[in-house]
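Let's take a walk through a protein model together. Keep the sequence beside you, and turn the structure around as you read.

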Amino acid sequence: MMQQVKRAIVIGASSGIGMEVAKHLIEQGWMVGVAARRVERLQGIGATAVERIDVTTNEATNALQQLIEKTGGMDLFFYA
């Protein structure tokens, strides 16, 4: 039986707990979409998709939907 790859979205992944959770999931074989205001800090962590999201703006919902689509869906949502 083939195991399906799990997909996660991590918001606030540019530092601290959010970054560590994203790195851990990537190491465990998850496809991970990451987002934060400071996208330059998200480069190089091995994420499947990266999106700039500022949760204080009206555009955040659309940006989150785009990130979910880029990641191919979502099994886990983590907001740090």
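Look at strand E1 (7-11) (strands, E, are DSSP runs of at least two residues, and helices, H or I, of at least four, numbered from the N terminus). Arg7, Ile9 and Ile11 point one way from E1, while Ala8 and Val10 point the other way. In a regular strand the side chains alternate between the two faces of the sheet. Are the residues of E1 buried or exposed? Five of the five are buried, so E1 is largely enclosed by the rest of the structure. Here buried means under 20% relative accessible area, exposed means over 50%, and partly exposed lies in between, using a 1.4 Å probe and protein chains only.

A word on where this comes from: this is a predicted model, in which local features need pLDDT of at least 70 and side-chain atom pairs count only at pLDDT 80 or more, while totals for chains, interfaces and linings use all residues. Residues are numbered from 1 along each chain as its sequence is written, and side-chain values use heavy atoms, with hydrogens and water left out.

Now see which strands flank E1. Five bridges join E1 to E2, and these two run parallel; strands pair if DSSP finds at least two bridges between them. Val10 has Val34 as its bridge partner in E2. Four bridges join E1 to strand E4 (residues 76-79), again running parallel, and Ile11 stands opposite Tyr79 in E4. E1, H1 and E2 make a right-handed β-α-β unit: with the strands pointing away from the viewer, the path from the first strand over the helix to the second runs clockwise.

That unit also feeds the largest nonpolar core, which has eleven residues, including Ala8, Val10, Ala22 and Val34. Such a core is a set of buried Ala, Val, Leu, Ile, Met, Phe, Trp, Tyr and Cys residues joined through side-chain atoms within 4.5 Å. E1, H1 (16-27) and E2 (31-36) each supply at least two of its residues. Apart from this core lies another, of nine residues, among them Ile11 and Ala35. In soluble globular proteins, nonpolar side chains tend to be buried together.

Finally, find Ser14, in the loop between E1 and H1. Ser14 is buried, with a relative accessible area of 5%. Its side chain makes a polar contact with the side chain of Arg38 (3.2 Å); a polar contact is a pair of N or O atoms within 3.5 Å, and within protein one must be able to donate a hydrogen and the other to accept it, with residues adjacent in sequence counting only if both atoms are side-chain atoms.
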